[in-house]
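Here are a few short exercises to work through with the model open beside you. Try each task before reading its solution.

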Amino acid sequence: MPPPMPEFSNSVKLKYVKLGYQYLVNHFLTLALVPVIITLLIQVIRLGPDEILTLWHSLRFDLLQILGSSFFVILLVTMFFITRPRPVFLVDYACYKPPASFRVPFSTFMEHSRIILSHEPKSVDFQMRILERSGLGEETCLPPAIHYIPPTPTMESSRGEAEMVIFSAIELLVNQTGIKPKDIDILIVNCSLFSPTPSLSAMVINKYKMRSNIRSFNLSGMGCSAGVIAIDLARDLLQVHPNSNALVVSTEIITPNNYQGKERSMLLPNCLFRMGGAAILLSNRRSDRCRAKYRLLHVVRTHRGADDKAYRCVYEEEDPEGKVGISLSKDLMAIAGEALKSNITTIGPLVLPASEQILFLLSLIGRKIFNPKWKPYIPDFKQAFDHFCIHAGGRAVIDELQKSLLLSPEHVEASRMTLHRFGNTSSSSLWYEMSYIEAKGRMRKGDKVWQIAFGSGFKCNSAVWLCNRSVHTPTNGPWVDCIDRYPMHVPEVVKI
Amino acid sequence: MDSFLLLLCFLPVSYLLFKLFIVIDQKRHQCCYILDYHCYKPGDDRKISTEFSGEIIRRNKNLGLNEYKFLLKAIVSSGIGEQTYAPEMIFHGRETCPTFEDGITEMDEFLNDSIEKVLDRSGVSPSEIDVLVVNVSMITSLPSLAARVINRYKMREDIKVYNLTGMGCSASLIAVNIVQNIFKCCKNAYALVVTSESLSPNWYTGNHRSMILANCLFRTGGCAVLMTNKVTLKNRAMFKLKCLVRTHHGAKDDSFSCCIQREDEQGRVGFHLDKTLPKSATRAFVDNLKVMSPKILPLTELLRFSIVSFSRKMSQSIDGSRPVINFKTGVNHFCLHTGGKAVIDGIGQSLNLSEYDLEPARMTLHRFGNTSASSLWYVLGYMEAKKRLKKGDKLFMISFGAGFKCNSCLWEVLRDLGDRNVWDDCIDNYPPENLANPFMEKYGWINDEDPSTFKVPE
């Protein structure tokens with residue numbers, strides 16, 4: 001959507017005017033203070049050294065006054081630090097890389113599909129068309145149980161997949177950070193569609209022999225945005241408990257959720273969801289301040305469940321034959337757009353520089369008072385963020401967001417390449433994208449990252465991170481062996 | 001110069017006072033109050049008697065005579081009465097082939113009933129709720145049950161919502177823990193905790209001994225609890241949370257696997273309850289009490305106990321009885337998870353509780369059965385209906401769950417309680433003279449029969 005400016009906005013002079021305006025507004029406070037400081041300095045210099053000395057001696061100090069005032073100063077400084085919210089740092093994170101034997105190239109997927117759905121050629125064709133346009137590559141992975149013809153989703157194989165994904169990610173994280181599992185104070189595991197009793201969090205506690213007073217939580221059913229919800233819960237807990245750390249594990253277990261029927265709206269998730277998982281270590285300890293990679297600035301959650309259409313757009317139900325699957329409605333993109341708008345309205349004032357906020361406010365006032373036909377001003381989020389991690393829900397989601405937020409192809413590159421290499425790994429996809437940006441060497445100290453995730457319900461959740469230190473290109477990680485092949489051009493339609 | 005100094009001091013002093021005010025204000029708003037709660041009671045057509053249970057067992061083709069005997073014995077001696085509630089699909093004979101819809105409908109019935117009632121009674125509208133925590137262990141759906149609640153009651157967009165699953169029978173207190181932590185960060189908030197259990201999709205259709213027991217012991221139930229940290233509502237609140245302690249023994253392998261959902265040899269999914277369950281439970285309970293006792297017992301009792309144990313150790317006398325800490329010095333009422341008769345007896349013995357103390361839990365087990373995570377609230381309802389709860393009383397809640405977890409917390413009663421609740425229609429019949437199962441005589445023979453000549457009597 002073009003901003004409400006006349007045609008000659010393309011001219012160079014106006015571009016400089018706009019830049020100048022932005023610089024002026026954003027650095028207003030500094031620019032206002034500088035002349036004040038200069039005047040003060042001039043006054044002090046004019047007084048001359050002798051006068052300053054006499055001024056100094058006239059202030060009579062005795063011991064009591066000195067003690068009293070120093071006590072006050074110390075108290076002030078302490079109060080200042082106590083009442084500030086505790087910063088939450090991301091020490092490090094690790095993503096699970098499935099072995100090559102689990103790969104599902106298009107040919108394998110279509111071969112399986114033709115055999116399993118041999119009586120439903122229309123459904124097979126539908127799956128092929130989806131795969132061609134999906135934006136997925138040939139290296140995405142599915143768990144072993146789904147490689148069977150027909151798939152064998154038992155509880156044991158689901159547990160096996162969970163153990164493989166979660167334990168590998170945690171092992172990587174433990175090696176990277178050197179943390180001992182016994183030192184973990186808070187554990188949050190989120191996995192939408194597999195929830196055995198005892199929970200996956202209990203499984204992690206059992207495997208790593210964690211302490212008996214650990215605070216563990218197991219979230220489920222919250223969709224692809226559950227990763228950000230888990231980070232929000234960890235942040236709230238870390239505000240209450242000083243000197244603690246939190247381990248957040250985000251994953252989606254594919255085995256029990258493979259749809260075995262033939263309804264088209266339910267076959268879509270089979271084509272898109274792939275194996276993946278991530279483990280994240282958060283902390284509020286002062287000692288971790290220097291080695292932490294990121295600092296959490298904001299988490300904004302928007303839930304549109306009150307609207308019936310939004311609620312039903314991603315829905316698990318039985319098909320007419322009684323087979324359970326997740327149906328995706330056709331209005332998914334429109335609903336995602338609405339949820340995003342809601343989320344932006346809340347996050348905008350928190351992150352946008354003053355210049356953009358003023359423009360947005362003026363445009364809002366103008367639309368309300370003068371002429372409702374004015375096009376709404378879309379704030380330029382590229383000013384506020386350096387990197388964007390958009391949940392790799394599918395090609396359509398990334399396209400839609402690129403259009404709404406006016407992003408360039410470089411900004412959405414991380415999302416598109418993650419979708420190509422790993423598929424839609426649900427709540428952990430944001431971390432694969434972060435890992436891509438780091439692997440490309442683009443993450444610098446002071447950079448701001450915006451993670452946006454959508455989920456069933458319908459939710460739109462965002463998290464804003466600030467890069468705390470320079471991040472060297474990782475020597476291990478999910479992208480290490482293939483980063484040189486990226487970015488690659490993913491055609492609109494891949495002919496199978 | 002003096003006026004300049006005065007001004008110089010005024011600014012930091014006022015800033016200091018301002019900061020102090022913020023700290024004190026924050027502390028005031030960090031308390032966790034229960035405004036109201038409502039337990040779910042299905043219609044009378046969902047009551048399941050021992051006789052009907054026997055029929056259900058008999059119509060299961062996979063169960064032989066030995067299993068029939070075993071199960072009936074378990075039901076008869078379980079302490080569960082004749083008026084507990086079962087999910088609807090059992091009455092349609094579909095327990096062996098439940099559909100996904102059955103599970104959702106079962107949850108819908110509860111969600112549409114209890115939440116509306118608790119919000120109506122306290123006069124809070126759904127759009128005022130700031131935090132929603134739903135815990136139902138054994139069902140996952142997309143969107144989550146929490147999203148179902150938000151959709152049904154049209155709650156706000158910026159609501160903080162969490163959906164917990166898989167956390168077993170002690171999940172109620174875990175949900176309260178989340179709310180307690182969020183209340184320390186957000187001021188003036190309302191929170192809704194919704195807890196229940198899903199039975200329909202989890203019926204075990206096999207014949208493995210350790211797994212068929214779960215079918216017979218769990219019953220339908222649920223509770224919606226409205227909590228707040230608004231200081232202005234302190235006079236209307238029922239309870240205030242004093243402290244909450246969670247103990248997780250998942251690190252021990254036998255504790256982790258004593259209560260676990262898995263497949264049997266034929267691939268049928270069921271809930272395995274191991275023989276080592278009581279031992280794991282006791283261990284977790286003792287560890288939990290070790291942390292909890294210093295927080296809730298008065299100093300005099302703690303001193304007395306430490307002196308007695310010390311002198312016992314020093315004198316090395318082997319007179320058999322170990323010193324028992326007297327919890328009644330710090331706690332007036334005990335709210336126990338109704339896991340079964342053995343659980344209640346076990347806790348009663350460890351804490352040296354009288355029949356009066358154990359009565360609420362026993363009666364809840366009799367009237368409502370083991371409703372999993374929500375059982376604590378039914379026990380609380382009994383105490384309230386019997387007008388036992390007076391202002392200033394301390395109430396101790398204990399629950400156990402798969403994993404193995406033991407969670408406990410202490411509530412302070414803020415005003416004399418005695419409102420109408422789920423026990424209304426039958427509280428006058430409790431406690432009954434005889435808790436024994438009326439079918440003890442009919443099925444009592446199962447205790448004596450020789451398995452080789454066993455024949456099912458008509």
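**Exercise 1. An annotated span**

Which residues of chain A does the UniProt annotation "transmembrane region" cover?

Solution. Start with the ground rules. This is a predicted model, in which local features need pLDDT of at least 70 and side-chain atom pairs count only at pLDDT 80 or more, while totals for chains, interfaces and linings use all residues. Residues are numbered from 1 along each chain as its sequence is written, chains are lettered from A and ligands numbered from 1 in the order in which they are written, and side-chain values use heavy atoms, leaving out hydrogens and water.

Step 1: the unreviewed UniProt entry gives residues 20-42 and 63-82 of chain A. UniProt positions follow the numbering used here, feature names are shortened, and annotations may be inferred rather than shown by experiment.

Step 2: look at residues 63-82 of chain A, which are 100% helix and 0% strand, with end C-alpha atoms 28 Å apart. Helices (H or I, at least four residues) and strands (E, at least two) are DSSP runs, numbered from the N terminus.

**Exercise 2. The listed active site**

Find the residues listed under "active site" in UniProt, then describe the surroundings of Cys224(A) and His420(A).

Solution. Step 1: the unreviewed entry lists Cys224(A), His303(A), His387(A), His391(A), His420(A) and Asn424(A). They span 201 residues in sequence, and the farthest two C-alpha atoms are 28.6 Å apart, so they do not all gather at one spot.

Step 2: Cys224(A) sits in the loop between β3 (215-219) and α9 (226-240) of chain A. Its relative accessible area is 13%, hence buried (buried means under 20%, exposed over 50%, partly exposed in between, with a 1.4 Å probe and protein chains only). Beyond neighbours within four places in sequence, Cys224(A) is in contact (heavy atoms within 4.5 Å) with residues including His391(A), Phe273(A) and Phe454(A).

Step 3: His420(A) belongs to helix α15 (residues 413-422) of chain A and is buried too, at 13% relative accessibility. Leaving out residues up to four places away in sequence, His420(A) touches several residues, among them Thr140(A), Tyr486(A) and Met488(A).

**Exercise 3. A buried ion pair**

Which parts of chain B does the salt bridge between Glu359(B) and Arg388(B) tie together?

Solution. Step 1: check the pair against the rule, a side-chain nitrogen of Lys or Arg within 4 Å of a carboxyl oxygen of Asp or Glu. The closest N and O atoms of Glu359(B) and Arg388(B) are 3.3 Å apart.

Step 2: Glu359(B) is in helix α13 (residues 355-368) and Arg388(B) in the loop between α14 (375-385) and β12 (394-401), so the bridge joins parts of chain B that are 29 residues apart in sequence.

Step 3: both Glu359(B) and Arg388(B) are buried. By contrast, Glu321(A), in a salt bridge with Lys323(A) (3.8 Å, N to O), is partly exposed at 46%.

**Exercise 4. Where the chains meet**

Describe the interface of chain B and chain A.

Solution. Step 1: the contact takes 63 residues from chain B and 68 from chain A.

Step 2: about 5,500 Å² is buried between the chains, 60% of it on carbon and sulfur atoms. Buried area is the accessible area (1.4 Å probe) that two parts lose on being put together, summed over both.

Step 3: five salt bridges cross the interface. In a salt bridge between Lys154(B) and Asp308(A), the closest N and O atoms are 3.1 Å apart.
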